[in-house]
Amino acid sequence: MRRLASLGMAIAVAVTPVAVVTTTATPAHAYCLTQISRWKYASYTLHSRKSIPTSWNASVKSAMRQWSGIKGSGLKYYGPQVRSNAANPAFQIEKINFANAGIPDYPGITLGVEKSKGSRHSTAAVELNSRFTWNTSGAMSQSKRKTDVWTVAVHEMGHASGLSHTGACGAMTKAEKASVMNVTWTKKRYPNSDDKAGIAKLY
Ligand SMILES: [Zn+2]
């Protein structure tokens, strides 16, 4: 499978908490679309696999909803269908052991299939690494390998939706640093105005 984003959260070294930012970045670089394309269609149902603990369901659903129905965008997500065993769903989330799968030691990764580079993708699988210690309370610690389900899921679903890391497009503004697409190892559950502008641009 082609990786939509082999860009896990572990590659970030920034640990400085990002202050709340009320300014809006200039539109030209408000979001980054450079490495990932958008979905082929604008509506998908998320299938949450049996490997996702029931106690994570609310976080997974909340993360998914952040990207659905954004003003000015036609992108819609439905579900999640929990404990799904559907064959080959277009959009899924699961927990796997990245070491066993030969994936770098990130908390999360999004895998997908594109017919060719830059073409719209027809599948996306959000993978969460079982080798991290997950919680639903918002705790994030790179050194302790603590990861908040919602924070990581919303970031990976941003990739699935077509957003790259904001830093992949050059120097970031304050607002871009506050994006959920900029990894900071802090609790960051809500797409900001830049993230939403990116989705509105794509769909
Ligand atoms: Zn990422």
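**Close-up 1. Leucine 75 and the residues it touches in this predicted model****.** Leave aside neighbours up to four places away in sequence, and leucine 75 touches Ala42, Trp67, Ser68, Ile70, Ser161, Ile199 and Tyr203. Leucine 75 itself sits in the loop between helix 1 and strand 3. Is this loop residue buried or exposed? Leucine 75 counts as buried because 20 C-beta neighbours fall inside 10 Å, and 20 is the number needed to count as buried. One of its contacts, alanine 42, is 33 residues away along the chain, yet the two C-alpha atoms are separated by 4.7 Å.

**Close-up 2. Helix 1 and its buried side****.** Helix 1 covers residues 57–65, and its buried residues are Ser59, Val60, Ala63 and Met64. Why do these four end up on the same side of the helix? They span an arc of only 135° around the axis, which puts them on one side of helix 1. A bit of helix geometry helps here: an α-helix has 3.6 residues a turn, so residues three or four places apart point the same way. As for what lies over those buried residues, the cover includes strand 2 (43–49), strand 3 (76–84), strand 4 (91–96) and helix 3 (149–161).

**Close-up 3. Strand 2 and its two parallel partners****.** Start with strand 3: strand 2 pairs with it in the parallel sense, over five bridges. Look for serine 43, whose bridge partner in strand 3 is lysine 76. Put helix 1 back into the picture, and strand 2, helix 1 and strand 3 together make a right-handed β-α-β unit. Now turn to strand 4, which also runs parallel to strand 2 and is joined to it by three bridges. Which residue of strand 4 is the bridge partner of serine 48? That would be isoleucine 93.

**Close-up 4. Strand 6, largely enclosed****.** Strand 6 takes in residues 121–129, and eight of its nine residues are buried, so the rest of the structure largely encloses it. With strand 4, strand 6 pairs in the parallel sense over six bridges. Isoleucine 93, already seen as the partner of serine 48, stands opposite valine 126 in strand 6. With strand 5 (residues 108–114), the pairing is antiparallel and runs over seven bridges. Here leucine 111 stands opposite alanine 125 of strand 6. Strands 5 and 6 form a hairpin with six residues between them. In that turn, glycine 118 has a positive phi of about 90°.

**Close-up 5. Valine 154 in helix 3****.** Valine 154 is buried, because 25 other C-beta atoms lie within 10 Å and the cut-off is 20 or more. Which residues does valine 154 touch, once those up to four places away in sequence are set aside? They are Ala63, Gln66, Val180, Arg189 and Pro191. Ala63 is one of the buried residues of helix 1. Proline 191 is 37 residues from valine 154 in sequence, while their C-alpha atoms are 8.0 Å apart in space.

**Close-up 6. The largest nonpolar core****.** This core has 41 residues, and those with the most contacts inside it are Val60, Ala63, Met64, Val126, Val149, Ala153 and Met157. Two or more residues come from each of strand 2, helix 1, strand 4, strand 5, strand 6, helix 3 and helix 5 (193–202). Helix 3 gives the largest share, seven residues. For a finer look, pick methionine 157: it touches Ala63, Met64, Trp67 and Val126, not counting residues up to four places away in sequence.

**Close-up 7. Stepping back to the whole protein****.** The protein has five helices and eight strands, and along the sequence they follow the pattern β-β-α-β-β-α-β-β-β-β-α-α-α. Of its 203 residues, 46% are buried. Among contacts with a separation of 6 or more, 74% join residues 24 or more positions apart. How confident is the prediction, and where does the score stay under 50? The average pLDDT is 87, and 86% of the residues score at least 70. Residues 5–27 are the stretch where pLDDT stays under 50, and for them the model has 46 contacts beyond four places in sequence.

Conventions. Residues numbered from 1 in each chain as written. Predicted model: local features only at pLDDT ≥ 70, side-chain atom pairs only at ≥ 80, totals over all residues. Buried ≥ 20, exposed ≤ 12 C-beta atoms within 10 Å, placed from the backbone. Arc of directions from axis to C-beta. Contact = placed C-beta atoms within 7 Å. Pairing = 2+ DSSP bridges. Right-handed = clockwise from strand over helix to strand, strands pointing away. pLDDT = per-residue confidence, 0-100. Core = buried A, V, L, I, M, F, W, Y, C linked by C-beta atoms within 7 Å.
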